[in-house]
Amino acid sequence: FRRVLFRSAGTRLIREYQGIEHCVTVGDEGYEYQGRPYKSLSAIARAITGTRWNGPLFFGIRRPGAQP
């Protein structure tokens, strides 16, 4: 089980990537992207980009070099 970064279910994270706006909804125990459940933001970032990313960094929640 991974900790969800936001305690407020329903929070939306929006990120534009390659000219397309991607919206993620925070749930009680994970995230939803394009109608599919995900356990981590990193998994969603990988689905969007095709490469490994730190999810919080990709969505602008965490600055590079910041401690978790």
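**Two loop glutamines and a nonpolar core**

Q34 lies in the loop that links β3 (31–33) to β4 (36–38). The model under discussion is predicted. Although Q34 is not a glycine, its phi is positive, at about 50°. Most residues other than glycine have a negative phi. As for its surroundings, Q34 has a relative accessible area of 66% and is therefore exposed, the cut-off being over 50%.

A second residue to examine is Q18. Its position is in the loop between β1 (12–17) and β2 (20–26). The phi of Q18 is positive, about 50°, and Q18 is not a glycine. Because its relative accessibility is 69%, Q18 counts as exposed.

From these loops, attention may turn to the interior. In soluble globular proteins, nonpolar side chains tend to be buried together. Here, the largest nonpolar core comprises 13 residues. Within this core, the residues with the most contacts are V24, L41, I44, I48 and F59. The elements contributing two or more residues to the core are β1, β2, β3 and α1 (41–49). Of these, α1 gives the most, namely four residues.

V24 offers a view of how the core is put together. Leaving aside residues up to four places away in sequence, V24 touches T11, R12, L13, Y31, E32, Y33, L41, I44 and F59. Among these partners, L41, I44 and F59 are themselves listed with V24 as residues with the most contacts inside the core.

Definitions and conventions. Residues numbered from 1 in each chain as written. Predicted model: local features only at pLDDT ≥ 70, side-chain atom pairs only at ≥ 80, totals over all residues. Heavy atoms only, no water. Buried < 20%, exposed > 50% of the residue type's maximum accessible area, 1.4 Å probe, protein only. Core = buried A, V, L, I, M, F, W, Y, C linked by side-chain atoms within 4.5 Å. Contact = heavy atoms within 4.5 Å.
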